[in-house]
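User: I would like to go through this structure and ask, for each label attached to it, what justifies that label.

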Amino acid sequence: MWHFFRRHKIAHMIRDQISMGPISSIACGFTDARYVEMMVAKYRSVRFAVADALYCFVLDPDSSLYNNFEAAAELVQELLLKNPASVHHIPIGLTDSAD
């Protein structure tokens with residue numbers, strides 16, 4: 001059932017995906033929602049789950065993201081914006097340079 005696929009389960013999947021790599025293949029479309037209404041309801045859960053997953057990496061001394069909040073912030077941009085735009089061919093005007 002789609003409403004049981006909650007933030008902590010999504011965060012666990014994201015941690016697994018990041019650990020396995022490559023990051024460019026992750027488009028943060030983790031959901032079991034089948035209808036637009038369900039996907040909208042999952043939007044907030046997915047965003048918080050990404051934050052939870054990256055927070056675990058930042059706290060983990062064995063992680064390459066340990067205490068590196070800037071790298072985690074860049075990874076959030078990649079997971080939630082750049083990768084989905086690339087995978088789904090969404091022309092949102094992304095550039096590699098900081099504007």
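Analyst: Of the 99 residues in the chain, 28% are buried, and since the model is a predicted one, every value discussed here is computed from predicted coordinates. The accessible surface of the chain comes to about 6900 Å², with 57% of that area belonging to carbon and sulfur atoms.

User: What makes the pattern of this chain α-α-α?

Analyst: The secondary structure comes to 3 helices and 0 strands, and reading along the sequence therefore gives α-α-α, given that helices and strands are taken as DSSP runs. As for the contacts in the chain between residues at least 6 apart in sequence, 58% of them join residues at least 24 apart.

User: Why is Val46 called buried?

Analyst: Val46, which lies in helix H2, has a relative accessible area of 9%, and because buried means under 20%, the residue meets that definition. Its C-alpha is 9.9 Å from that of Lys9, although 37 residues separate the two in sequence.

User: Why is Cys56 called partly exposed?

Analyst: The relative accessible area of Cys56 is 36%, which falls between the 20% limit for buried and the 50% limit for exposed, so the intermediate label applies. Cys56 is also found in helix H2, and its C-alpha is separated by 10.0 Å from that of His12, with their positions 44 residues apart along the chain.

User: How do you know that the buried residues of H1 are on the same side of the helix?

Analyst: The buried residues of H1 are Ile10, Ala11, Ile14 and Ile18. They cover an arc of only 100 degrees around the axis, and that is why they can be placed on the same side of H1. The face turned away from this buried side carries the exposed residues His8, Ser19 and Met20.

User: What span does H1 reach, and what follows this helix?

Analyst: H1 has 14 residues and reaches 20 Å from its first C-alpha to its last, which is close to the 20 Å expected at 1.5 Å a residue. The helix is followed by Gly21, whose phi is positive, near 60 degrees.

User: What makes the largest nonpolar core a core, and which helices supply its residues?

Analyst: A nonpolar core requires buried residues of the nonpolar kinds to be joined through side-chain atoms within 4.5 Å, and the set of 17 residues is therefore given that name. Those with the most contacts inside it are Ile10, Ile14, Ile18, Leu54, Leu75 and Leu79. Helices H1, H2 and H3 each supply at least two residues of this core, and H2 gives the most, with 7 residues.

User: How do you know where H3 bends, and what is its span?

Analyst: The bend, taken as the angle between axes fitted to the seven residues ending at a position and the seven starting there, is about 40 degrees at Glu78. H3, residues 69-87, nevertheless reaches 26 Å from its first C-alpha to its last over its 19 residues, close to the 27 Å expected. Its buried residues are Ala72, Leu75, Leu79, Asn83, Pro84 and Ala85.

User: Which residues around H3 take a positive phi?

Analyst: In the loop between H2 and H3, Asn67 has a positive phi of about 60 degrees although it is not a glycine. Just after H3, His89 takes a positive phi of about 55 degrees.

Technical notes: Residues are numbered from 1 along each chain as its sequence is written. This is a predicted model: local features need pLDDT of at least 70, side-chain atom pairs count only at pLDDT 80 or more; totals for chains, interfaces and linings use all residues. Side-chain values use heavy atoms; hydrogens and water are left out. Helices (H or I, at least four residues) and strands (E, at least two) are DSSP runs, numbered from the N terminus. The expected span of a helix is 1.5 Å times one less than its number of residues. Buried means under 20% relative accessible area, exposed over 50%, partly exposed in between (1.4 Å probe, protein chains only). Contact means heavy atoms within 4.5 Å. Accessible areas come from the Shrake-Rupley method with a 1.4 Å probe; for residues, only the protein chains shown count as cover. The arc is that of the directions from the helix axis to the C-beta atoms.
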